[in-house]
Amino acid sequence: MTTALITGSTAGIGAAFARRLAADGHDLVLVARDTQRLREQATELHDRHGIEAEVLTADLAEDDGIEAVAARLADRRNPVDLLVNNAGFGHKGRYLDVPMADELRMLKVHCEAVLRLTSAAAGAMRERGRGGIVNVASVAAFVPRGTYGASKAWVVQFTQGAAKDLAGSGVRLMALCPGFVRTEFHQRAGMGTDNIPNWMWLDADKLVAAALADLARGRTLSVPDPRYKVLMGATKLVPRGVLGGISSRAGRKYGPQHRVQR
């Protein structure tokens, strides 16, 4: 039986990964900031699927939190076979309207934590000759959209570059780029979603199934829905100046009003 570690596991895409991997028989290491929610999630998944679910409380915007998760990933006695870097948050506002502390906190979670956790996991996986890493990015990585989009673009570039460097090692890396997903994350973040067209919404469980299938196929980039694949193709045809204006307005209209880390 293999073990998967999921950051931001108690809500949204992270919770969908936990449900699917537990149903498939994987033991889990569940990582988030809310200990009570983690314990409730671990109990539910254990009772429903008979798997072992370990709880690890950590804030990935803090060095201590990153170090605790990295140490668990590097544990050779209790190896982690699949890492899902899912923790993240968003904030609303134009550049210079968002406090610098919030911008830096975002980069800490989206970039530094992903780098350090991926490295800890990949090192141990390479020694064993097997393992998988899914770094959750966003379709925002492909359009000019402030710090959030830039941080997710970094996740995509880093993941694909690392995948190339580790080719042939048995370690698979993939950047997952979802669009709008129906989860409680939007409510927790205070997102105004009424004006988002219904066709743009994705189901979290279906997204996870598509992502895991793409990982099994050896893909380094997953845009898990034909609708968003078409949209991403269209971004190559639109001038970046025009695209930047559109994405900036859309981000302010649809973006989360309050910061939240899953």
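The exercises below, each with a worked solution, concern a predicted model of a protein.

**Exercise 1. The protein as a whole**

Determine how many helices and strands the protein has, and what share of its residues count as buried.

Solution. Begin with the secondary structure: the protein contains nine helices and nine strands. Next, consider burial: the chain has 262 residues, and 52% of them count as buried. The outer surface completes this part, with about 12,100 Å² exposed, of which carbon and sulfur atoms supply 51%. Finally, turn to the contacts with a separation of 6 or more: residues 24 or more positions apart account for 72% of these.

**Exercise 2. The length and cover of helix α1**

Compare the expected span of helix α1 with the distance between its end C-alpha atoms, and state which of its residues are buried.

Solution. Step one is the expected span. Helix α1 covers residues 12-23, which is 12 residues. The expected span is 1.5 Å times one less than the number of residues, and for α1 this comes to 16 Å. Step two is the comparison: the end C-alpha atoms of α1 are 17 Å apart, in agreement with the expected value.

Step three is burial, for which the cut-off is a relative accessible area under 20%. Nine of the 12 residues of α1 are buried, so the helix is mostly covered. These residues are G12, I13, G14, A15, A16, F17, A18, L21 and A22. Just after the helix, G25 adopts a positive phi of about 95°.

**Exercise 3. Salt bridges of R19 and R20**

Identify the salt-bridge partners of R19 and R20, and decide whether the residues involved are buried, partly exposed or exposed.

Solution. The whole structure holds 15 salt bridges. R19 pairs with D205, at an N to O distance of 2.8 Å. This pair links distant parts of the chain, since R19 belongs to helix α1 and D205 to helix α7 (residues 204-216), 186 residues apart.

R20 pairs with D24, and their closest N and O atoms are 2.8 Å apart.

To classify the four residues, note that partly exposed lies between the limits of 20% and 50% relative accessible area. D205 has 38% and is therefore partly exposed. R19, with 36%, is partly exposed. R20 stands at 33% and counts as partly exposed, and D24, at 44%, counts as partly exposed.

**Exercise 4. A link between helices α3 and α4**

Establish which helices are joined by the salt bridge between R116 and D63, and which residues form the salt-bridge network that includes this pair.

Solution. The side chains of R116 and D63 meet at 3.1 Å, N to O. R116 lies in helix α4 (residues 100-128) and D63 in helix α3 (residues 63-73), so the salt bridge ties together parts that are 53 residues apart in sequence. R116 is partly exposed, with a relative accessible area of 26%, and D63 is partly exposed at 36%. The network consists of D63, E67, K108, E112 and R116.

**Exercise 5. The buried face of helix α3**

Explain why the buried residues of α3 line one face of the helix, and name the elements against which they pack.

Solution. First list the buried residues of α3: G65, I66, V69, A70, R72 and L73. Viewed down the helix axis, these buried residues fall within an arc of 160°, and therefore they line one face of α3. Lastly, the elements against which they pack are β1 (3-7), β2 (27-32), β3 (53-57), β4 (82-85) and α4.

Terms used. Residues numbered from 1 in each chain as written. Predicted model: local features only at pLDDT ≥ 70, side-chain atom pairs only at ≥ 80, totals over all residues. Heavy atoms only, no water. Helix = DSSP H or I, 4+ residues; strand = E, 2+ residues; numbered from the N terminus. Buried < 20%, exposed > 50% of the residue type's maximum accessible area, 1.4 Å probe, protein only. Contact = heavy atoms within 4.5 Å. Areas by Shrake-Rupley, 256 points an atom, 1.4 Å probe, with all protein chains shown as cover. Salt bridge = Lys/Arg side-chain N within 4 Å of Asp/Glu carboxyl O. Arc of directions from axis to C-beta.
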